[in-house]
Structures are given as C-alpha cells and as structure tokens.
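Student: I would like to go through this structure and ask, for each label, what earns it.
Tutor: Then let us set each value against its definition.

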Amino acid sequence: MYTETDTAAESVSPVRKLRKSEGGLIKVFSFPQITIIVLLCVLVILMLVPILFMIVSSLKSNAQILGNFWGLPSPAKWNNYGAAFTSIWRYMVNSILYAVGASACVILLSSISGYIFAKKSFPGKELLFMMMLAMMMIPGVLTLIPSYVLYNNLGLTNTPWVIIIAGAAGGQIFGTFLCRSFMSGIPSELFEAARIDGASEIRVFFQIVIPLSLPILATLFIMQAVGVYNDYIWPLLTIRDSSLQVVAVGLTVFTKQFGITDMGTQFSAYAISSIPLILIFSFGMKYYIQGMTQGALKM
C-alpha cells in the first residue's frame, strides 16, 4: 500500500532529479571553466579581426577605406585582386620554390642525423649533440653579417642557392633535435629484425625509419616551409635581382610602386600571399598536430 508520504516523495522526485541535473550542469560549466572559455573566445576574436579587416579592406577603394574605415565595401572592387596578383605572382613562385627546396634538404639531413644520434653509438655522441643544441642559443642576427660575407665569398649571393642553402642550414639543428627525440621512441627490435633478415642500413632507413617518422617529418616540413616563406631580412640582404626576390620583400616593392594611393590593392596582395600558407596548414594540420604531440610525449 502507498501512503501519503510515498505519494509526496514520488511527486517531489522529478524536481529533485531536475535539481541534480542542474547541479551536474553547474559542475560541468564551473566558474573557472567559463572564464577560460570567455578568454579563449576573446583571443580568437582578436586574432580574426586583423584577417577580416584585411579581406574587407582588399575590396575597397582609397576613398572607402579613408571615408568609412570599418564599413563594408560598397561597391566591392574585385579588380584589386587581379592587379595585385599580376604584381606579386613571380615573388610567390620564388618563395614557394625556395621553401620547398630548403624544407626538403632539412628533412633529408635531419632525418639522417636524427637517426644516427638516436640509434647509433659512437665516441662523443652526447657531447656533439649538446654542442649542436648550444648553437640554437645563438641569435641569428649575430651571425647575419658573417654569413653574408661567407656566402658572398662563395659567389652564392643574388642566386636562389643563397636562400635554399641558408634555409637548410638554419633549420638543421632544430630538425635534428626533433627527429632524434621522435626516433628514440621507435623500438630498436625492428631494426635488429630487419638486419637479421639481411636488410642493408639504407633499406632499414628508407623502409622502416622514414615511414614510421612521417608525422614528425611533416611537422618539420611545415615549420621550415613557413619560416623560409616568411623570411624577410636574409633575402633583402642577399638578393638584388627583382626576378629572384621573395614575396616578403616583393610586397614592400609592391607598396613602393603603388604607394598609399591604392591601399585596397595593397591589402589584396597581402591576402593573396597568405594563400600558400593556408593551403599548407589545411592539408598538413593532421600530421602537424600528430607529430608535435608524439614528439612532446617521447621527449
């Protein structure tokens, strides 16, 4: 038999369940978590505002930019992109070729040196590795003039090789560090089994080490390619021929050609020059995140 107390308890139970569920929601979204979410949203907005402003301004004329700074383009000047692309396409092609060439050299050399430091034993290995890491502490600006004198004496200035070789040499130390940290986590039994089966050292490297290290190699390629593509000081110092110049310097030349009389075309050039970097991250983000997380865990 049900009593009045049982009936009252049953009638109150849904309210209690609701309160428990509300309490669960409050626990899930606590005040510190809400604060973090709000701060992250503010940071995302602050990061997106310059990009949105660049895109909107690229469709404006000078009168629209100066007269209505935050307003939408009316009408939109799509011909700004055609004029900008005509002026900077050669610089973009040069930057892409330099970035791909330097990044390929870094991947090849860093994977070999990282494998040697991770899986081979030779006298002075740790000392040599520490000396390489110590070179990362030297600011690049301190070696700028000596590097220029060296490349100039070698006859490499004002040639594509001065960008490719310098980019490969500059990213070699950090690339070796990443590859060594990642390859140290690969089981050595795989290499021993391959050698027992008669595999040569070259076959072990290209058929075992490289396929297992694709995430960190993709991460290294993206980081190096972005660094070479965005480099400004070294190409400005070593390249004099406009047909060999990179996009970072080409944008300043572009600005001097149009001045401040056509800021919409200038913003269009900035937007077009960012497309290769967006494509690199769009297609390589999965491997980039995977390589960074695995490399951090193995370090």
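**Labels and their grounds**

Tutor: Start with a side chain: that of Ser-110 lies 2.8 Å from the backbone oxygen of Val-106. The model is a predicted one.

Student: Why is the approach of the Ser-110 side chain to the backbone oxygen of Val-106 called a polar contact?

Tutor: The cut-off for N or O atoms is 3.5 Å. The separation here is 2.8 Å, so the pair is within the limit. Ser-110 is found in helix α4, and Val-106 lies in helix α4 too.

Student: How do you know whether Ser-110 is buried or exposed?

Tutor: Its relative accessible area is 0%, and buried means under 20%, so Ser-110 is buried. Val-106 also has 0% relative accessibility and therefore counts as buried.

Student: What surrounds Val-106, leaving aside its neighbours within four places in sequence?

Tutor: Val-106 is in contact with Ser-111, Gly-167, Ala-168, Gly-171, Gln-172, Leu-220 and Gln-224. Gly-171 is 65 residues from Val-106 along the chain, yet their C-alpha atoms are separated by 6.3 Å. Under the same exclusion of sequence neighbours, Ser-110 is in contact with Gly-171, Gln-172, Gly-175, Thr-176, Cys-179 and Leu-220.

Student: What makes the Tyr-115 and Phe-205 pair tilted?

Tutor: By the ring rule the count comes to nine aromatic pairs. For Tyr-115 and Phe-205 the centres are 5.7 Å apart and the planes are at 55°. Rings pair within 6.5 Å, and an angle that is neither under 30 nor over 60 degrees counts as tilted, so the label follows. The pair links distant parts of the chain, with Tyr-115 in helix α4 and Phe-205 in helix α9, 90 residues apart.

Student: Why is the pair of Phe-205 and Phe-206 called edge-to-face?

Tutor: The angle between its planes is 85°, which is over 60 degrees, and the centres are 5.1 Å apart, so the pair is edge-to-face. Ring pairs link Tyr-115, Phe-191, Phe-205 and Phe-206 into a cluster.

Student: How do you know which of Tyr-115, Phe-205 and Phe-206 are buried?

Tutor: Set each against the 20% limit. Tyr-115 has a relative accessible area of 4% and is therefore buried. Phe-205, at 6%, counts as buried. Phe-206, at 49%, falls between 20% and 50%, so it counts as partly exposed.

Student: How do you know that the length of α9 agrees with that of a helix?

Tutor: At 1.5 Å a residue, its twelve residues should span 16 Å; the end C-alpha atoms are 16 Å apart, so the two agree. In α9, Val-204, Phe-205, Ile-208, Val-209 and Ile-210 are buried. The buried residues of α9 pack against α4, α7, α8 and α10.

Student: Which residues touch the most other members of the largest nonpolar core?

Tutor: They are Tyr-115, Met-183, Phe-191, Val-204, Val-209 and Leu-217, in a core of 21 residues. Helices α4, α7, α8, α9 and α10 each supply at least two residues of this core. A second, separate core of 17 residues includes Val-162, Ala-225, Ile-239 and Val-249.

Student: What makes Arg-180 a charge over the ring of Phe-129?

Tutor: The charged end of Arg-180 is 4.3 Å from the ring centre of Phe-129 and sits over that ring. The distance limit is 6 Å, so 4.3 Å is within it.

Key: Residues are numbered from 1 along each chain as its sequence is written. This is a predicted model: local features need pLDDT of at least 70, side-chain atom pairs count only at pLDDT 80 or more; totals for chains, interfaces and linings use all residues. Side-chain values use heavy atoms; hydrogens and water are left out. A nonpolar core is a set of buried Ala, Val, Leu, Ile, Met, Phe, Trp, Tyr and Cys residues joined through side-chain atoms within 4.5 Å. Buried means under 20% relative accessible area, exposed over 50%, partly exposed in between (1.4 Å probe, protein chains only). Helices (H or I, at least four residues) and strands (E, at least two) are DSSP runs, numbered from the N terminus. The expected span of a helix is 1.5 Å times one less than its number of residues. Contact means heavy atoms within 4.5 Å. A polar contact is a pair of N or O atoms within 3.5 Å; within protein, one must be able to donate a hydrogen and the other to accept it, and residues adjacent in sequence count only if both atoms are side-chain atoms. Rings of Phe, Tyr and Trp (its six-membered ring) pair if their centres lie within 6.5 Å; planes under 30 degrees apart count as stacked, over 60 as edge-to-face and the rest as tilted. A charge sits over a ring if NZ of Lys or CZ of Arg is within 6 Å of the ring centre and within 35 degrees of the ring normal.
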